[in-house]
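Here are my notes on the two-chain model you sent round. They are in the order I went through things, so skip about as you like.

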Amino acid sequence: MRLLAIGVAAGVFSALFGVGGGIIVVPMLVLALGYGTRPATGTSLAALSITAAAGAVAYSLHGDLKPGAAAIVGLPAVFGVVAGVGLQQRLATRTLTLGFAALLAAVGVRLLV
Amino acid sequence: MEIVAAALGFLGGVLAGLFGVGGGILFVPTLVLVLGLTQVHAEATSLLAIIPTVLVGAWRQHRHGNVDWRAALLVGLGSVAGVEGGVQAARALPEDVLRRLFGLLMLAVAANLAWRVLRGRGAYASADGRA
């Protein structure tokens with residue numbers, strides 16, 4: 001029941017912002033259900049495949065999808081996710097995480113102004 | 001610009017693998033700022049790009065024994081009930097408001113990542129497997 005509720009929240013959030021919803025799912029699995037970090041991230045990825053597919057279908061009914069642009073970012077991302085999962089199993093990711101935080105902050109500011 | 005977009009797509013994938021997210025937090029701004037899509041088109045397109053990313057990510061995590069498939073299915077099914085509400089809200093909001101909300105979301109995620117790392121524990125910091 002709690003898993004379904006997490007899913008509904010993630011679905012609204014995912015479609016509103018065009019993100020997967022993992023920002024919601026991972027902390028919820030960890031904080032509300034006591035998952036370890038890596039099981040939470042793995043389970044989140046699996047759940048998001050359904051969320052993203054549902055969101056893409058919903059948007060496609062409005063004619064908002066641009067498949068060519070999706071391929072430009074999505075195909076390299078497939079290689080990126082393999083690298084990311086590999087890194088997560090082995091490396092200390094502190095510096096990398098801070099680097100990502102800086103990148104996201106910079107782009108966020110760019111979108112705001 | 002396609003090469004820049006592809007490089008950012010790769011980085012979005014790394015982010016997805018590391019933190020269990022879809023990568024959309026980087027896909028959306030890439031599609032808007034680099035490829036010139038509108039915010040709504042970028043969000044829709046990002047969701048499509050997320051699908052192969054998370055499928056491969058889940059498969060890799062499965063090999064490490066990190067996927068609870070029953071829980072994933074329940075969360076995924078719940079999300080189907082939520083997406084139409086999100087789509088309607090995104091399409092109803094003015095373009096610049098939606099873009100600025102996304103900017104705020106990025107700042108919040110950045111702060112969250114930095115906070116968890118600097119504090120030395122929690123959901124994201126322990127992605128290094130030690131916390």
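How many residues does α1(B) have, and how far does α1(B) reach from its first C-alpha to its last? The count is 18 residues and the reach is 25 Å, close to the 26 Å expected at 1.5 Å a residue. Keep in mind throughout that this is a predicted model.

1. Staying with α1(B) for a moment: its buried residues are B:Leu8, B:Gly9, B:Phe10, B:Leu11, B:Gly12, B:Gly13, B:Val14, B:Leu15, B:Ala16, B:Gly17, B:Leu18 and B:Phe19. Right after the helix comes B:Gly20, which has a positive phi, near 75°.

2. On overall layout, chain B has five helices and zero strands, and reads α-α-α-α-α along the sequence. Chain A also comes out with five helices and zero strands, with the pattern α-α-α-α-α. The C-alpha trace of chain A spans about 40 × 35 × 30 Å along its principal axes, and for chain B the figures are about 40 × 35 × 30 Å.

3. Burial and contact range, chain by chain. Chain A has 113 residues, of which 59% count as buried; chain B has 131 residues, and 59% of those count as buried. Taking contacts between residues at least 6 apart in sequence, 44% of those in chain B join residues at least 24 apart. In chain A, with a separation of 6 or more, residues 24 or more positions apart make up 40% of the contacts.

4. Now the interface. Chain B puts 93 residues into the contact and chain A puts in 86. On the chain B side, the elements that give two or more residues are α1 (2-19), α2 (24-34), α3 (39-63), α4 (69-92) and α5 (95-119). The largest share of that side is from α3(B), with 22 residues. By type, the chain B side splits into 57 nonpolar residues, 27 polar and nine charged.

5. Which residues have the most contacts inside the largest nonpolar core? They are A:Val25, B:Leu15, B:Leu31, B:Val75 and B:Met106, in a core of 86 residues. The helix that gives the most to this core is α3 of chain A (residues 37-60), with 12 residues. One of the names above, B:Leu15, is also among the buried residues of α1(B) in point 1. As general background, nonpolar side chains in soluble globular proteins tend to be buried together.

6. B:Met106 deserves a look of its own. Leaving aside neighbours within four places in sequence, B:Met106 is in contact with A:Leu104, A:Val107, A:Gly108 and A:Leu111 from chain A, and with B:Ile25 from chain B.

7. Back to α3(A). This helix has 24 residues and reaches 33 Å from its first C-alpha to its last, close to the 34 Å expected at 1.5 Å a residue. There is a kink, though: about 30°, centred on A:Leu48. Why is α3(A) described as largely enclosed by the rest of the structure? Because 21 of its 24 residues are buried.

8. For contrast, try A:Ala32, in the loop between α2 (22-31) and α3 of chain A. Is A:Ala32 buried or exposed? A:Ala32 has 12 C-beta neighbours inside 10 Å, so it counts as exposed; the cut-off for exposed is 12 or fewer. The C-alpha atoms of A:Ala32 and A:Arg2 are separated by 8.6 Å, with their positions 30 residues apart along the chain.

9. Confidence in chain A: the average pLDDT is 88, and 96% of the residues score at least 70. Helix α1 (residues 2-17) of chain A is highest at a mean of 93, while helix α5 (residues 94-112) of chain A is lowest at 83. For the complex, the predictor gives an ipTM of 0.87 and a pTM of 0.87.

10. Confidence in chain B: the average pLDDT is 87, with 91% of the residues at 70 or above. Among the elements of chain B, α4(B) has the highest mean (94) and α5(B) the lowest (89). Where should you go carefully? Over residues 122-131 of chain B, pLDDT stays under 50, and the model has 32 contacts beyond four places in sequence for that stretch. Where pLDDT is low, the predicted coordinates should not be read in detail.

Definitions and conventions: Residues numbered from 1 in each chain as written. Chains lettered and ligands numbered in written order. Predicted model: local features only at pLDDT ≥ 70, side-chain atom pairs only at ≥ 80, totals over all residues. Contact = placed C-beta atoms within 7 Å. Helix = DSSP H or I, 4+ residues; strand = E, 2+ residues; numbered from the N terminus. Nonpolar A, V, L, I, M, F, W, Y, C, P; charged D, E, K, R; others polar. Expected span 1.5 Å × (residues − 1). Buried ≥ 20, exposed ≤ 12 C-beta atoms within 10 Å, placed from the backbone. Core = buried A, V, L, I, M, F, W, Y, C linked by C-beta atoms within 7 Å. pLDDT = per-residue confidence, 0-100. Bend = angle between axes of the 7 residues up to and from the residue.
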